[in-house]
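Please work through the following exercises on charged side chains with the sequence and the model open beside you.

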Amino acid sequence: MIEGLPALYIFMLSAFTGYEVISRVPVILHTPLMSGSNFVHGIVLVGAMIVMGQAEGVLQLTIGFIAVAMAAGNAVGGYVATVRMLEMFQHKPKANAEGAK
Amino acid sequence: MGYIIDAVYFLTAAIFIIGLKQMSSPVTAHRGIVWAGIAMVVASLATFGAPDISLDVGSINLQLMIVAIVAGSTVAYISAKRVAMTDMPQMIAMYNGMGGGAAAAIAAVELVRLSAGAESHGLTIQVLAVLGAVIGAVSFSGSAIAFAKLQGIMKKTMRLPLHQIINIGLLIAVIIFGYLVATGAPVRFEHVAIFFALALVLGVMVTLPIGGADMPVVISLFNALTGLAVAFEGFVLNNAAMIIAGTVVGSSGTLLTQLMAKAMNRPISNVLFSSFGSDGGAAAEEEIEGSMKEIQANDAAIMMAYGQKVIIVPGYGMAVAQAQHKLKELGDLLEARGVDVKYAIHPVAGRMPGHMNVLLAEAGVDYDNILDLEEINPEFPTADVALVIGANDVVNPVARSNPDSPIYGMPILDADRAQNVIVIKRGKGAGFSGIENHLFYADNTQMLYGDGQKAVSELIAGVKALQ
């Protein structure tokens with residue numbers, strides 16, 4: 001079980017880690033990084049699956065279904081969007097079109 | 001089995017952190033997201049074997065779960081693949097809203113279970129579930145509004161009379177019902193329902209008055225909030241991967257929101273409460289629109305290194321700072337990366353015709369790349385970056401636009417027509433002629449303050465760091 005003081009420690013250290021990891025990011029990467037961290041909280045899928053696995057009755061199952069579907073959407077959509085954006089930063093081939101002038 | 005799954009969650013959290021770290025540099029970013037993606041898939045698959053759920057192969061829960069995963073993934077995959085790059089921000093808002101909604105729904109299932117008489121895991125857990133639920137629900141409905149606004153479904157910024165007071169009233173109501181749910185023993189179902197309804201309305205009401213231009217900052221804020229909601233629900237479910245990943249996103253997202261607001265020159269408080277006491281004052285600034293935006297050297301370096309074409313506009317300030325050798329070094333580095341580098345020389349740059357050409361030639365710049373006004377001006381619109389160093393009046397667009405200006409009619413370099421303009425400048429003062437330079441206030445202009453030679457050295461270091 002994670003509870004009490006250890007839980008608080010995990011929370012604090014994770015918060016500092018997040019702050020530290022991002023602190024020197026260039027402006028052009030702001031949007032891809034936002035998208036990337038958007039993908040990372042798609043881990044909520046794991047929680048949605050656990051909750052749905054324990055669900056009993058129509059109401060709980062319905063809410064659980066919504067939770068899993070939305071969480072899966074968060075994870076997959078976040079991933080694809082981030083990859084598409086980062087593909088624009090793949091290094092371009094040398095463009096030596098000097099013949100214009 | 002339980003230990004293996006715990007180990008998977010632990011590794012997932014670690015890889016997420018490393019992945020985010022890699023995503024903060026353009027060189028490693030792609031690797032970072034791919035690693036994080038693999039970790040996510042493994043963690044999800046492992047969850048099927050988690051002891052908390054003990055699924056029978058034939059159970060309705062498992063069947064519906066797989067349907068939900070396939071449905072959610074398919075919709076998101078297709079929409080993310082199809083959407084145009086310009087529409088990406090609202091898609092991020094939508095996926096983020098889904099995550100917030102999922103966190104709120106997790107809390108809903110837990111709270112509904114409690115209201116149906118399940119055993120409570122204690123007050124702390126109930127409070128955390130409620131906190132995560134509020135944050136997740138606000139993030140969900142707020143992101144939906146953000147999506148609608150950016151998509152153009154909802155055009156206007158809507159503001160009810162007494163909007164702020166209504167919001168405060170809503171917030172108080174959410175707190176009251178949240179308190180009732182969190183401390184309820186047993187939890188009453190009606191309280192849970194009203195609580196979620198109020199939280200969703202709050203998210204809508206908070207987002208409605210915010211204008212479209214500020215939306216990226218707001219989306220980033222909701223992103224951080226979703227992370228926090230996921231972390232809280234992680235405590236409820238006793239899931240380390242959710243706690244760590246959610247908290248990391250919560251804090252990095254908060255910092256990212258601040259950085260974005262700063263890059264846009266808009267304090268977050270302005271974004272959230274901008275609707276109050278704004279307007280006016282616009283006319284007072286003597287028709288200069290916009291404001292000066294500062295840029296850091298490594299950001300400027302990345303912008304140039306990943307561009308196709310960079311035009312360097314040196315002026316008297318560069319000569320004073322003796323920055324031409326450094327400038328040549330920067331140009332060579334960029335060319336080595338495949339960037340097309342040109343130098344634009346204004347006839348009066350350096351206040352002596354030919355001064356600049358000489359200085360650049362002395363530094364070893366190829367003559368073919370040094371172009372004068374008539375040759376280079378048509379090229380600015382195709383340039384990704386115009387780097388203005390120590391030049392001021394010769395790039396001031398008022399010479400074209402304002403007949404009352406003392407320099408009206410002077411031929412200028414059209415640096416303002418480049419996609420992005422980076423201006424290296426010692427301080428905020430006006431140029432030789434004492435005229436305010438409207439270029440510095442343009443939307444596509446960013447200021448890099450500092451001594452010419454030092455600033456260029458920092459740019460060189462920034463470009464080198466990318467190799």
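The exercises below concern salt bridges in a predicted model, and each task is followed by a worked solution.

**Exercise 1.** Determine how B:Arg113 and B:Glu110 are placed in helix α4 of chain B, and whether each is buried or exposed.

Solution. Begin with the contact itself: the side chains of B:Arg113 and B:Glu110 form a salt bridge with an N to O distance of 2.9 Å. Next, locate the pair in helix α4 (residues 88–115) of chain B, where the two residues lie three residues apart and are therefore separated by about one helical turn. Finally, apply the cut-off for burial, which is under 20% relative accessible area: B:Arg113, at 14%, is buried, and B:Glu110, at 12%, is buried too.

**Exercise 2.** Classify B:Arg417 and B:Asp414 by their relative accessibility.

Solution. The side chains of these residues, B:Arg417 and B:Asp414, meet in a salt bridge at 3.2 Å, N to O. With partly exposed covering the range between 20% and 50%, B:Arg417 is partly exposed because its relative accessibility is 42%, whereas B:Asp414, at 9%, counts as buried.

**Exercise 3.** Which residues are joined into one network by salt bridges that share partners?

Solution. The network consists of B:Lys309, B:Asp340, B:Lys342 and B:Glu379. Within it, take the pair B:Asp340 and B:Lys342, whose side chains form a salt bridge at 3.8 Å, N to O, a value that satisfies the cut-off of within 4 Å. Both B:Asp340 and B:Lys342 are buried.

**Exercise 4.** How many salt bridges are there over all chains?

Solution. Counting over all chains gives twelve salt bridges.

Conventions: Residues are numbered from 1 along each chain as its sequence is written. Chains are lettered from A and ligands numbered from 1 in the order in which they are written. This is a predicted model: local features need pLDDT of at least 70, side-chain atom pairs count only at pLDDT 80 or more; totals for chains, interfaces and linings use all residues. Side-chain values use heavy atoms; hydrogens and water are left out. Helices (H or I, at least four residues) and strands (E, at least two) are DSSP runs, numbered from the N terminus. Buried means under 20% relative accessible area, exposed over 50%, partly exposed in between (1.4 Å probe, protein chains only).
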